[in-house]
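Me: I would like to go through the labels given to this structure and see what each rests on. Please set each value against its cut-off.

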Amino acid sequence: MKSRLSDDFTFPFVIKACAALGDVKIGKEVHGVVIRTGFEQNLVLQTSLVDFYARTGCVEVARQVIDRIPQPDLVPWNALIAGYSSNGFDWEALEVFREIVFSNLKPNLSTLASIVPVCTRLGCVNAGKSLHCFAVKSGFLSSDFLVPALISLYAGDGDLCGARDLFDSVGDKSIAVWNAMISAYTQRQEPVLAFELFRLMLLVNIKPNLVTFVSIIPSLESFTCLSLGESLHACVVKHGSENQLPVLTALVSMYAKLGAIDKSRYLFDQLPSKNLLLWNSMISGYVYNGLWDLSLGVLREMQVSRLNVDAVSIISILSACSNLEGDLLGRSVHAFSIRKGIHSNLNLSNALLAFYSDCHRLSYSIKLFHNMPLRNAVTWNTLISACVHHGELEEAVALYYQMQNEGFKLDLVTLTSILPGCSDEENLGQGMAFHGYAIKHGFASDISLLNSLISMYCNCGDLHTGRLVFETMPKRSVVSWNALMTGFKNHNLQNEVIAVFSQMIKDDQRPNYVTLLNLLPACYIQLQGKSIHALAVRAGILHETPLLSSLMSMYSRFDNHASCFLLFQRRKMEDISLWNAIMSVQIQAKNSENALGFFNSLLQMGLEPDNVTLLNLVSACAQLNSLTLTNSVMSYIIRKGFDKDLAISNALIDLHSRCGNICIARKLFDGLVKRDALSWSVMINGYGLNGNGEVALDLFLLMKLSGIAPNGITYLSVLSACSHSGLVEQGRAVFKSMAEHGITPQMKHYACMVDLLGRTGNLTEAYDIVRGLPCKPSTSLLESLLGACRIHGNVELGEEIAGLLSELDPENSRPHVMLHNIYAAAGRWTDADRKEIEASSSSVASQPRSPFGIVNGIRGLSIDGKEEKELTDHSQTSDVMDKENAKNVNVERIALPRSISVRSAATNAAARTRNAARSGTAKPVGALVVILIKLRLCLIGIYMEFLLLE
């Protein structure tokens, strides 16, 4: 009997020891001995077995053991609930609690301490609050054992006020209660409140422990204050927690988030033994700071230390691979995860979907998606967003409906992911359907969704509805204002952009750099741009690289290149985007040599150019038109591996075409693995520039046969090729076929057709196109046709077109100059002289930018548009005429209607003026002006005609 009593007490202690050690194998062996010796009916022993299996994760065996107990009391049930809760079986834990209630067993404090966290995780807040009431009624809150769990319950529901009220209601608070409240503030992104509570805790002499520091340290990541983090680190050392691994792991993560990655590495290296969490913190720290290569190095160190990599490690590394654009590297990581058997992890699978999308491998993402055994809302949203990003709207919409069919509820993330895909007028109906779904399911009040809807409507051309959504918003963020301003800017409604900005300032909404990016293109004068520059300085947002680049572009627009260079000099030279901006400014100013100089400087600084840099470099070469430089640049691009970039390949094809090396351009085109519509367009344009119109048409036909639909740029290239080669019939056929492909001709297409018909003498047909335009013709189009009238001697049509030009732009003097030359070429000197007088009249001559300016005497303008000095007396007139003579002496002889060369005309005019001035018989200033105008009229008119016909 004594032996039997001894075994009744021995087995429970042995099983509890196995549970404490987590030794499942020995515990099962002891259970076998219990069964063989007939002690399995002992209630204490059965309770110990339930607790052992529950704590070691064998919850199914624990359930089988408890089912064999005839009348289990509350203790084994509590052990089973705790086991289910700690192993993630929350619904099973809740079901066991229901069984307890229905079996007339009264839950105790231990039961509530296990089931309340389950309610928190499942979001069953009402059930948790009912348990809170039950605890108050039963007197369980006399001790604070249950309080931390209840604080977490309220905080998990976002009710920080309720959590704080519960915290304040406890008189003598334990460290666990303080930790729960600090953790609640940290998790709900309230770092200031968390830190204030931590300070209060120290003031009342409560000594923080490991959990305190692990709870408070992450809150400092939001302060972006390194000194505050260092102070907390000192507090950790003061309280003797500096060697505790969880605290050090939190410190490593904190320093990394504050940008002090060297301090993170120092702490990391101080620990001789590191756990998986610490390794992952170091990897994610490097990734967070953009040190992708170093994160890969830590992974290698981790493998050398023979520590098993988990899904968290792989997810961080995949982020590094995406940013490095390491397609092969990421696929190697994927293969590694398969070999380690962790590829089925749902979070890892979602990260792989995002990685393949970032590396432009959408087909891989779709294949992986279909092979995934489990999917959640993040899975669907990631793939839908990827499809939208790659322009596959139909695929995104199909996934949207498939997601609904498989029982997944569409959330805000789904809608905000798919709405950017509705960016064309033809997608407006689909976008409106999504809007209706959002209203039906109660999402229409969310600000982020409303911002996406504003962008969608504006992108689809429905600016009125976009404005209506904006005006009906109950609350607007800066993103809301920016979305509407961007919509107006994209439709060239600059006045509307300024009006929205004015209203934004009146509503006390602080603009950000995106606001100013929308505002800069609306500047009509440099003073407006300088005002925006000043606003950026005041708001402290001038450091944003896109804003700096846009400011440089604005100053370049007003030829203020000194300000561009100052902005460039005062920023970090390590930012390749700024180098790209200054190169672009130089190219726009036709200073290609300077652009090449900047490129050379960035190479000397050790910076690596990106694809934008090389696109600028190619543009600079195109301006210089140097075949040697072109070959050097192409060699550099190939050596750096950028020849795989389609945009750069297209630019190289265009560059070689413009340099006359059409054979190399065709070889580059034929070598493209993938061609888009732009590839075909630049190659067709290249043949057109080189006078091979027939080959361009053949290539256009081949493009359509290859299944790539031509766009407006393609048709412009084909029409231009026809114009250069004089292919009238083919040009007509191409122009008519635009409607078959659903492309509405733009002004540039009409201009090409008018130019083609004008060059070939079909002036009447060209004029019919002008009269049939759906909008007002452009000045350049009419001037092109007017130039064709001079070439083909059509005076009557020239008069009509000159009249149209005068109506379109009354202050423009070019029509008078060109019409004068048409009259002169036809021998109608009376009309030519009349046109000279009209040109010198106040309606034209009063304009300071006209070639015939007369203000207070003589204000002449040279051909390049630079104003000359005002003349007030005859001696100055004589000097200037001498200067004009000197200028004109170097001008090549060009045949004039009256068989007078430019040189002789200039010489004779100057001689007559000097003689008149010396003899005292000089004509009044106005007469001198007429003489000067006649000479200038011929020179400028012929110069402009050659520009137009070039």
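**Salt bridges and burial**

Reply: In this predicted model, Asp168 and Arg164 are joined through their side chains by a salt bridge, at 3.2 Å from N to O.

Me: Why is the contact between Asp168 and Arg164 called a salt bridge?

Reply: The cut-off is a side-chain nitrogen of Lys or Arg within 4 Å of a carboxyl oxygen of Asp or Glu. The N to O distance here is 3.2 Å, so the pair qualifies. Asp168 and Arg164 are four residues apart in helix 10 (residues 160–169), which puts about one helical turn between them.

Me: How do you know that Asp168 and Arg164 are partly exposed?

Reply: Partly exposed lies between the buried limit, under 20%, and the exposed limit, over 50%. Asp168 has a relative accessible area of 44% and Arg164 has 25%, so both fall in between.

Me: What makes Asp327 buried and Arg331 partly exposed?

Reply: Asp327 has 14% relative accessibility, which is under 20%, so the residue counts as buried. Arg331 is at 30%, and is therefore partly exposed. Their side chains form a salt bridge at 3.4 Å, N to O, and they sit four residues apart in helix 20 (residues 327–340).

Me: Why is Arg732 called buried and Glu729 exposed?

Reply: Arg732 is at 18% relative accessibility, under the 20% limit, so Arg732 is buried. Glu729 is at 55%, over the 50% limit, and so is exposed. The two form a salt bridge, with the closest N and O atoms 2.6 Å apart, and lie three residues apart in helix 44 (residues 728–737).

Me: How do you know that the span of helix 11 agrees with what is expected?

Reply: Helix 11 (residues 175–187) has 13 residues, which at 1.5 Å a residue should span 18 Å. The end C-alpha atoms are 18 Å apart, so the two values agree.

Me: What makes helix 11 mostly covered?

Reply: Of its 13 residues, 10 are buried. Among them are Trp178, Met181 and Tyr185.

Me: What is noted about phi of Asn205, and why is Asn205 called exposed?

Reply: Phi of Asn205 is positive, about 65°, although Asn205 is not a glycine. The relative accessible area of Asn205 is 69%, over 50%, so the residue is exposed. Asn205 lies in the loop between helix 12 (191–203) and helix 13 (210–216).

How values were computed
Residues numbered from 1 in each chain as written. Predicted model: local features only at pLDDT ≥ 70, side-chain atom pairs only at ≥ 80, totals over all residues. Heavy atoms only, no water. Helix = DSSP H or I, 4+ residues; strand = E, 2+ residues; numbered from the N terminus. Expected span 1.5 Å × (residues − 1). Buried < 20%, exposed > 50% of the residue type's maximum accessible area, 1.4 Å probe, protein only.
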